[in-house]
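Me: I have a structure on my screen and would love to talk it through with you. Shall we start with the whole chain and then turn to the details?

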Amino acid sequence: MAKVLYENDIQKEVLQNKKIAIIGYGSQGHAHAKNLRDSGYDVVVGLRPGKSQQKAQEDGFAPYTVAEAVSGADVVMVLLPDESQPKVYEDSIKPNLKAGSALAFAHGFNIHFTQVVPPENVDVFLVAPKGPGHLVRRTYEEGAGVPALYGVYQDVTGTTKELALAYADGIGAARAGVLETTFQEETETDLFGEQAVLCGGLTSLVKAGFETLTEAGYQPEVAYFECLHEMKLIVDLMYEGGMENMRYSISDTAQWGDFVSGPRVINGETKERMKEVLDDIQTGKFAKGWILENQANRPQFNAINAKETAHPITKVGQELRALMPFVNDPINKKEKEGK
Ligand code: NAD
Ligand code: MG
Ligand code: MG
Ligand code: MG
Ligand code: MG
Ligand code: MG
């Protein structure tokens, strides 16, 4: 079994008295910066002027540019969108990186696919939380944490592993468990998970169920509750106690339907398609396509995004969530506040 590390396994002193620069203040950036600061570390945030910088300032961070934050930093954590990392790295990070410092990432994409090539005189590590940034912050405040993977790509100082672990601990991940990986494994499994199961697999499953019911004449509101809203309640049971806990909680009728109908929907053919998805990730075909799509200013991304947003499930969902004040819908909230 893989070795999972917890708070007692961490040597915090390797990160103490070090200056940590968090580059970017989005989903992961705000969570890492605030959690590390609350854990007692010296944190600066590096950003271009704009909305994020304003937010960082409201949260008490001085308004440094990326270059200013990197200069003199001992650990530089790059939390920019993956597709903008190579340019910002070349322009503002690389020229200011101190010899013997550490360059860090929360996802291995740019190092693994050689879009960022670090100099030989710095440590390079990965701390990848296995959860969205907003939960990295929320669970930390609750005294819990989101588990994380850590990995070492380059070890100049001989202490990169300890540094990565102390960093993971600083953002609260060691409360939930920290697991060793490589940049390759993290990159390939993360891309596969989000494409085939968590994001792509899930949205396609929900849409197919919603469409099947509404095309058969059932009310869209009923289809929404059944195929999307209830998903969270079911997944919460799996999160707390695995599939066995979910199956314990549902009726035996539901469990029998799970056994006989689930494999009719997701079957050997689906698994063959999943293997193709994994193959495209492993060969670099997916990465190449995404890099080219960005270089062309995202024509396909934008077209598909517009089509997805226009799906009937969007409208019915917005209407129903507006009537459930306990569901904290960030999009409804923004509209109400006129943002
Ligand atoms: P994000 O899009 O939420 O935030 C990016 C931040 O970078 C913003 O503050 C933005 O203003 C800033 N930024 C963008 N372009 C910039 C530029 N050219 N110069 C300066 N600042 C710029 O990003 P994210 O989702 O937090 O992702 C950051 C990293 O974390 C990625 O490597 C991603 O793969 C990884 N990651 C994200 C999640 C997640 O929960 N979103 C989970 C695990 C790992
Ligand atoms: Mg995003
Ligand atoms: Mg992921
Ligand atoms: Mg990802
Ligand atoms: Mg039911
Ligand atoms: Mg049962």
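Me: What percentage of the residues of the protein chain count as buried?

Reply: Happy to help, and please keep in mind that this is a predicted model. A residue counts as buried if 20 or more other C-beta atoms lie within 10 Å of its own. Of the 339 residues of the protein chain, the share that counts as buried is 29%.

Me: Which radius of gyration does the protein chain have, and what would a compact globule have?

Reply: The C-alpha trace spans about 65 × 50 × 40 Å along its principal axes. For 339 residues, a compact globule would have a radius of gyration near 20 Å. The protein chain agrees with that, because its own value is 22 Å.

Me: How far apart are the centres of domain 1 and domain 2?

Reply: Domain 1 covers 4-181, while domain 2 is made of 199-266 + 297-336. Taken over C-alpha atoms, the centres of domain 1 and domain 2 are separated by 33 Å.

Me: Which element gives the most residues to the shell around ligand 1?

Reply: Ligand 1 is surrounded by 23 residues, and the closest are Gly-24, Gly-26, Gln-28, Ser-52 and His-107. Two elements, α1 (27-38) and β6 (123-129), give two or more residues to this shell. With 3 residues, the element that gives the most is α1.

Me: How many residues of the shell around ligand 1 are charged?

Reply: The shell around ligand 1 holds 11 nonpolar residues and 10 polar ones. That leaves the charged group, and its count is 2.

Me: UniProt lists Asp-190, Glu-226 and Glu-230 for "binding site"; how far are they spread in space?

Reply: The listing comes from an unreviewed UniProt entry. In sequence, the three positions are spread over 41 residues. They are also spread in space, with C-alpha atoms up to 28.2 Å apart.

Me: Is Asp-190 buried or exposed?

Reply: Asp-190 is found in helix α8, residues 183-198. Leaving aside neighbours within four places in sequence, Asp-190 is in contact with Ala-128 and with His-107, and His-107 is among the residues closest to ligand 1. Because Asp-190 has 20 C-beta neighbours inside 10 Å, it counts as buried.

Me: And Glu-230, is that residue buried or exposed?

Reply: Glu-230 lies in helix α10, which runs over residues 220-249. A residue is exposed if 12 or fewer other C-beta atoms lie within 10 Å of its own. Glu-230 has 11, so this residue is exposed.

Conventions:
Residues are numbered from 1 along each chain as its sequence is written. Chains are lettered from A and ligands numbered from 1 in the order in which they are written. This is a predicted model: local features need pLDDT of at least 70, side-chain atom pairs count only at pLDDT 80 or more; totals for chains, interfaces and linings use all residues. UniProt positions are given in the numbering used here, feature names are shortened, and annotations may be inferred rather than shown by experiment. Helices (H or I, at least four residues) and strands (E, at least two) are DSSP runs, numbered from the N terminus. Two residues are in contact if their C-beta atoms, placed from the backbone, lie within 7 Å. Domain bounds come from an automatic or database domain assignment. A residue is near a molecule or strand if its C-beta atom, placed from the backbone, lies within 6 Å of it. Ala, Val, Leu, Ile, Met, Phe, Trp, Tyr, Cys and Pro count as nonpolar, Asp, Glu, Lys and Arg as charged, and the others, Gly among them, as polar. The radius of gyration is taken over C-alpha atoms; the globule rule is 2.2 Å times the number of residues to the power 0.38.
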